[in-house]
Amino acid sequence: MALEALNILLVEDDPVFRDMIARFLRTRGALVTEAGDGRDGLEQFVKKRFDIILADLNMPNMDGLTMLRHIYNSGSSIPSIILSGNQRMALVTEALRLGASDYLVKPLSDLHAVEYAINQCLASTGVAPTGLNDDIDELSYLELNQNLALLEQNTEAAKCVQQQLFPGSAIDYPKVHVDYTLLTHNRVSPYFIDSAMVGGEHFIMYMAHFYPEDNRAAFACVLLKSFVNQKVKDSNNRIDDTVTNPQSMLKYLNERLVNAGVDLYCDIIYVALHLKHNELQVAQAGRGLRCYLRHGEALTRLALADSMQLGLFAWGHPSMQSRQLNGDDTLCLVTGIPAHKQMLMANDFHGLVYSPDTVEGGFVQMHIG
């Protein structure tokens, strides 16, 4: 069967809903351990080995977010899928930041969506069951589009989700410092930036511009961040190093966007830096974004040719460049708006800013030290 012998920890306080999911998973061959709240879930987690966790977020005694925080802070890298009501999207975003791999919105339209999410979640670890079929794919696409429609119809909810993904204007890592400004009108920003340490020797950073430029950009941010987070975890667990190879990473991201079937597209510049050797790799898909090396008051643009956007079935290859980064160089990603480059040179960093009087876009800067 499709989930044969998978050990699943199911944490859900609603006994009827929990029993319904557990029965379905067992018919698909899974071994299911049930827990009624986060505290019970933690107790079960330390008793035996599980392949994946399914957890509700809103539970008494200990909620699912607190439970996952304990699990991931302990050093575990177990995959997890969040079950949440429509009104809990901010908590879903926080769970994805902690390390959760995916989420499903309750009520579920079809329990096969749970099976598909489990298979997708485990596929990157190399232990996913085989046997996926087109019917399950179609159910998953339906679930994604339903979640997308929820945010599309509610601007305040979409803005709340997106705001949870953006840090303050300055981000300090052990060996890297990042500053940014992202300007948007009184709506969801069609631009997104993110960065992460990978292990102790690599740093990754990217800037994306989503199309269409509407509320769906919030959903796109969640998708993109969750895809990248999964590959960061894979690298930290020494499963694969796709996340530190920009060309391979953009290929992976394109496949995930296409397979999601949500008709979202993006321009993106993705960079990976080997901190020990200062080796920089840059990949670009689409157009409209710029990559610069900054040295004092001088900006040197890296030559990256326009290429196809991510999210296209017939996607080709990104434009690439590799070079050695000098210790006093600063790496900058900027939208193709002259005013934004001027703000960058003035060190005008404010994080995410809502301003109806400015051109949307922005910039992010990284330097070592």
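The following paragraphs lead through selected helix packings, individual residues and backbone features of this structure. The model is a predicted one.

The account begins with Asp56, which lies in strand 3, a strand spanning residues 52-56. For this position UniProt, in an unreviewed entry, gives the feature "modified residue: 4-aspartylphosphate". In the model, Asp56 has a relative accessible area of 4% and is therefore buried, the limit for that class being under 20%. Beyond its neighbours within four places in sequence, Asp56 is in contact with Val11, Glu12, Asp13, Gly64, Leu83, Ser84 and Lys106.

The loop between strand 3 and helix 3 contains Asn61. Most residues other than glycine have a negative phi. Asn61 departs from this pattern, with a positive phi near 70°. Its relative accessibility is 57%, and Asn61 therefore counts as exposed, a class that begins over 50%.

Helix 3 itself, residues 64-73, packs with helix 2, residues 38-47. Two packed helices are described by the angle between their axes and the distance between the axes. For helix 2 and helix 3 the angle is about 25° and the axes are 8 Å apart. Angles under 35 degrees count as roughly parallel, so helix 2 and helix 3 fall into that class. The crossing of helix 2 past helix 3 is right-handed. Helix 2 contributes Gly38, Gly41, Leu42 and Phe45 to the contact, and these meet Met67, His70 and Ile71 of helix 3. By type, the residues of this contact comprise 4 nonpolar and 3 polar ones, with no charged residue.

Further along the chain, helix 7 (residues 155-165) packs with helix 8 (residues 216-236). Their axes are 8 Å apart and form an angle of about 35°. Helix 7 passes helix 8 in a left-handed crossing. On the side of helix 7 the contact is made by Ala158, Val161, Gln162 and Leu165, while helix 8 supplies Ala217, Ala218, Cys221, Val222 and Lys225. The residues of this contact divide into 7 nonpolar, 1 polar and 1 charged.

Helix 8 also packs with helix 9, which covers residues 246-260. The axes of helix 8 and helix 9 come within 11 Å and cross at roughly 130°. These two helices are therefore oblique to each other, and the crossing of helix 8 past helix 9 is right-handed. From helix 8, the residues Leu224, Phe227, Val228, Gln230 and Lys231 meet Met249, Tyr252, Leu253, Arg256 and Leu257 in helix 9. Here the division is 7 nonpolar, 1 polar and 2 charged.

The loop between strand 9 (202-211) and helix 8 holds Pro212. Most peptide bonds are trans. The bond from Tyr211 to Pro212 is instead cis, with omega near 0°.

Two strand residues come next. Tyr191 is placed in strand 8, residues 191-198. With a relative accessible area of 9%, Tyr191 is buried. Tyr191 and Ala217 are 26 residues apart in sequence, and their C-alpha atoms are 7.8 Å apart in space. Not counting residues up to four places away in sequence, Tyr191 touches a set of residues that includes Gln162, Phe166, Met207, His209, Leu289 and Glu360.

Leu293 belongs to strand 12, residues 289-295. At 6% relative accessibility, Leu293 counts as buried. The C-alpha atoms of Leu293 and Asp329 are separated by 6.3 Å, although the two residues are 36 apart along the chain. Among the contacts of Leu293, leaving aside neighbours within four places in sequence, are Leu280, Leu302, Arg323, Leu325 and Leu331.

The account ends in the loop between helix 10 (338-345) and strand 16 (351-354), where Asp348 is placed. Asn347 is found in this loop as well. Asn347 has a positive phi of about 55° although it is not a glycine. Its relative accessible area is 45%, and Asn347 is partly exposed. Asp348, at 27% relative accessibility, also counts as partly exposed. Outside the residues up to four places away in sequence, Asp348 touches Thr181, Met343 and Phe363. The C-alpha atoms of Asp348 and Gln153 are separated by 33 Å, with these positions 195 residues apart along the chain counted as their spacing.

Notes: Residues are numbered from 1 along each chain as its sequence is written. This is a predicted model: local features need pLDDT of at least 70, side-chain atom pairs count only at pLDDT 80 or more; totals for chains, interfaces and linings use all residues. Side-chain values use heavy atoms; hydrogens and water are left out. Axes are lines fitted to C-alpha atoms, for helices over the stretch in contact, and angles run from 0 to 180 degrees between N-to-C directions. Helices (H or I, at least four residues) and strands (E, at least two) are DSSP runs, numbered from the N terminus. Angles under 35 degrees count as roughly parallel, over 145 as roughly antiparallel, 65 to 115 as roughly perpendicular and the rest as oblique. A crossing is left-handed if the near helix is turned anticlockwise from the far one by less than a right angle, and right-handed if clockwise. Contact means heavy atoms within 4.5 Å. Ala, Val, Leu, Ile, Met, Phe, Trp, Tyr, Cys and Pro count as nonpolar, Asp, Glu, Lys and Arg as charged, and the others, Gly among them, as polar. UniProt positions are given in the numbering used here, feature names are shortened, and annotations may be inferred rather than shown by experiment. Buried means under 20% relative accessible area, exposed over 50%, partly exposed in between (1.4 Å probe, protein chains only).
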